[in-house]
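Ready for some hands-on work with rings and sulfurs? Keep the viewer open and work through the exercises in order.

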Amino acid sequence: MSVNAVTVRVPAKVNVQLAVGGRRPDGFHDLANVFLAVGLYDHVTATPAQELRITGEGPDIASVPLDASNLAARAAVALAERHNITPRVHLHIGKDIPVAGGMAGGSADAAAALLACDTLWGLGSSRADLLAICAELGSDVPFSLAGGAALGVGRGEILTPLEVGGSFSWVFAVADGGLSTPAVYRECDRLRREQGTGDAAGDVPVPEADPRLLSALRDGDVHALAAALHNDLQAAALSLRPELAGTLQAGTEAGALAAIVSGSGPTCAFLAPDADTAGKIAATLGSSARAATSPAPGASVVA
Ligand code: C5P
């Protein structure tokens, strides 16, 4: 049976723990990265075309490069190369995840494009094969495919799924303009050198998942999760964008149990005690704020 169009829905993520180790010789940092998928979604639709083409829509689409450098296009090329075929596909990205916001929006589009093309081309790749291609595309891409909750080690690409015993309510305050992930890691290294701790692997303790945080997820205990949220990149994001401190404070004053920069930022994430309070916090923070629940399922073909 030939398929004419395949749409994949894919979630954003927040890091409930981001423990950053020292810089490795390859320039990456070893992580203990606890990912939680949240219910803000992009959609990627793959349709047959003469050649690889990429289009998009959504409020922030002007800041997304719609060319071969787009991670979704690179995913289609990587999959086609693996199977010795030409990527004759039109990818259309419906963008709702903040761009360059620390919520893995680009990684989400890559994972979605991979699954959409695999389905469109009838390749039937195994989950393990798809995850391996994801890992080549970027550190956060495997988790975008997997969804749910997971501990990511290595660069963040080696995943162990985690049990989550309940659902959590979040508010995300999207900042104007993104932050570059490499720039935030560089700033983290610079701050470490300034503090005299050194920045290389060997100087910095090996990052480890916090057992209290893993229990909080397993028990679905929002208060315990709020107490354990931690992001080693937060100081670097605040150093590059000092105004984020005010956003974190505003969300806490509006009723959040805890506030944290999401990944490399600049999106700020607020954990609410329940969905009603999340709605109120979002209303207080204004039009840039979005409420969403977690965990959310990973990339999946929309019927
Ligand atoms: O893997 P990804 O392409 O998403 O990484 C983007 C950049 O973020 C890397 O080039 C690197 O500068 C930084 N990074 C890092 N350590 C990680 C993940 C990302 O230094 N574990």
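Three exercises with worked solutions follow.

This is a predicted model, where local features need pLDDT of at least 70, side-chain atom pairs count only at pLDDT 80 or more, and totals for chains, interfaces and linings use all residues. Residues are numbered from 1 along each chain as its sequence is written, and side-chain values use heavy atoms, leaving out hydrogens and water.

**Exercise 1.** Find the aromatic pairs and classify them.

*Solution.* Rings of Phe, Tyr and Trp (its six-membered ring) pair if their centres lie within 6.5 Å; planes under 30 degrees apart count as stacked, over 60 as edge-to-face and the rest as tilted. The structure holds 2 such pairs. Start with Phe 35 and Phe 143: their centres are 4.6 Å apart and their planes at 5°, so this pair is stacked. Next, take Trp 170 and Phe 172, also stacked, with 6.0 Å centre to centre and 20° between the planes.

**Exercise 2.** Decide whether these ring residues are buried or exposed.

*Solution.* Buried means under 20% relative accessible area, exposed over 50%, partly exposed in between (1.4 Å probe, protein chains only). Phe 35, at 0%, counts as buried. Phe 143, at 1%, is buried too. Finally, both Trp 170 and Phe 172 are buried.

**Exercise 3.** Count the disulfides and check Cys 134.

*Solution.* A disulfide is a pair of cysteine sulfur atoms within 2.5 Å. The count is 0. For Cys 134, the nearest cysteine sulfur belongs to Cys 117, 12 Å away. Cys 134 is buried, with a relative accessible area of 0%.
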